[in-house]
2 protein chains.
Amino acid sequence: MASRLAKQDRHRRLKELLGADPFITDRELARMFQVSVQTVRLDRLELGIPESRERTRRLAEEATNKVRSVTTGEVIGELIHVSLGVEAVSMLEPTADMAFRRTGIIRGHHIFAQANSLAVALVDAEVALTGTANVRFLRPVKAGERLIAKATVVRRAGRKYYVDVVSRVSGKDVFEGKFVVFAVDPRKEGEGTKKEEEVKEEISLEDRT
Amino acid sequence: MASRLAKQDRHRRLKELLGADPFITDRELARMFQVSVQTVRLDRLELGIPESRERTRRLAEEATNKVRSVTTGEVIGELIHVSLGVEAVSMLEPTADMAFRRTGIIRGHHIFAQANSLAVALVDAEVALTGTANVRFLRPVKAGERLIAKATVVRRAGRKYYVDVVSRVSGKDVFEGKFVVFAVDPRKEGEGTKKEEEVKEEISLEDRT
DNA sequence: GTAGATATTAATACGTGGTCTTAAGCACGC
DNA sequence: GCGTGCTTAAGACCACGTATTAATATCTAC
């Protein structure tokens, strides 16, 4: 039976509690704080904290966006500059999620993912696929270090693009890779008519399920 | 004004729609399908689909827990077999998230991630980091195709492990890569006593969380 | 045709988790 | 005393449901 907290302390605790678990309702909070539901609502109002459903919704949205933008996004990281078919730059701020817990060192495939997606995005075609990649991880990158990847098309032979990518952390090279990316122009693949497009559409619809 | 769909088709579409966007309310669905709200509710009942708030809540909950295991997990995919320092096999069932929408083809870095994490996990050391990787994407992989990656240590020179990885889809090679992984033994870095082992134990427990 | 099943819609009562407004009760300080 | 701050209460409203009952369509088999 901890005696009731002062308003300020309650506000502090409120933020803490909802930070840890955003699903709590006002009723539950009221019980925890031994105050009325109205008081909790007033507190939320003062602190600009939305209702529980809203909090939940935001979480869900953010999570689906975030996960998607991590996994799905056109480019892993943030696209800073592109000159299609010539060069592109992206920035990635790796989070602790991407690191080995033990050491805080970012797992190689995240750095690869940034570079690979940049190389692919750079190619000016409907669809582009990585063929081969030769990469070197020059030095470890830690969570929080801002990765700048720069991709440059060094040569092009028909559908083949040779793309070099260098990633840097505060100016120092941490990764370099040579990618061969194939441009796949769907117009030159099958019969390239409406029929094929329909098939593709079906597939992509199914994929979303 | 597409005429109203038959029940079956509506059910199919319903699952599709909610798969793509779980936030839609019954009212909105009713409008989309040009049926009454009640009908939508009946449909959901028959299909065992919970209400929108519940869907949102689950998403949010899942997202806060599970999302991490995809990014953070020791090995991307599921570890099927390991013989430390010798060989290892993992399985990955890529989802639509990992694919280009347009084509359903899995983005290269996911395949790379499976291979890379497997190669790293294979190395019998406290910490292992990828040094270089030469990889080839032999043929496209589509969402839903089960990827089996097999990593083999082909040579070892001190702290350097040369690991070959081949990924297959139903027996066919789709990816091959040569990785050079560096074992970083902290015993040769820090002071390395019992105290340290305790720390390690703690850490590896945390890692499993 | 018409009965019977299937599908759809409507109406109503209830529940949860809120919003917004108005009003009242209390304690504290001056 | 009186105001101010904090708390609580009460009532009207809303979104998005569940659960139930009942009334229509619509189609299908006989």
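By class, how many nonpolar, polar and charged residues does the surface near DNA strand D have? I looked this up in what is a predicted model, and I noted two nonpolar, five polar and six charged residues on the surface near DNA strand D.

**Entry on strand D.** I then went through the 13 residues around DNA strand D, and I wrote down V35(A), T39(A), T25(B), E51(B) and S52(B) as those that come nearest. Two or more residues of this surface are given by each of α3 of chain A and, from chain B, α2 (26-33) and α4 (52-72). I found that α3(A) supplies the largest share of the surface near DNA strand D, with three residues.

**Entry on strand C.** I turned to DNA strand C, which has 14 residues around it, and here T25(A), E51(A), S52(A), V35(B) and T39(B) come nearest. The elements giving two or more residues to this surface are α2 (26-33), α3 (37-47) and α4 (52-71) of chain A, along with α3 (37-47) of chain B. I recorded α3(B) as the source of the largest share, three residues, and I sorted the surface near DNA strand C by class into two nonpolar, five polar and seven charged residues.

**Entry on the core.** Last, I looked at the largest nonpolar core, which holds 73 residues, and noted that L118(A), A119(A) and A119(B) touch the most other members. Helix α5 (residues 108-122) of chain A gives this core its largest share, nine residues. I followed A119(B) further and, leaving aside its neighbours within four places in sequence, listed its contacts as A151(B), V163(B), V165(B), F179(B) and V181(B).

Notes
Residues are numbered from 1 along each chain as its sequence is written. Chains are lettered from A and ligands numbered from 1 in the order in which they are written. This is a predicted model: local features need pLDDT of at least 70, side-chain atom pairs count only at pLDDT 80 or more; totals for chains, interfaces and linings use all residues. A residue is near a molecule or strand if its C-beta atom, placed from the backbone, lies within 6 Å of it. Helices (H or I, at least four residues) and strands (E, at least two) are DSSP runs, numbered from the N terminus. Ala, Val, Leu, Ile, Met, Phe, Trp, Tyr, Cys and Pro count as nonpolar, Asp, Glu, Lys and Arg as charged, and the others, Gly among them, as polar. A nonpolar core is a set of buried Ala, Val, Leu, Ile, Met, Phe, Trp, Tyr and Cys residues joined through C-beta atoms within 7 Å. A residue is buried if 20 or more other C-beta atoms lie within 10 Å of its own, exposed if 12 or fewer, and partly exposed in between; C-beta atoms are placed from the backbone. Two residues are in contact if their C-beta atoms, placed from the backbone, lie within 7 Å.
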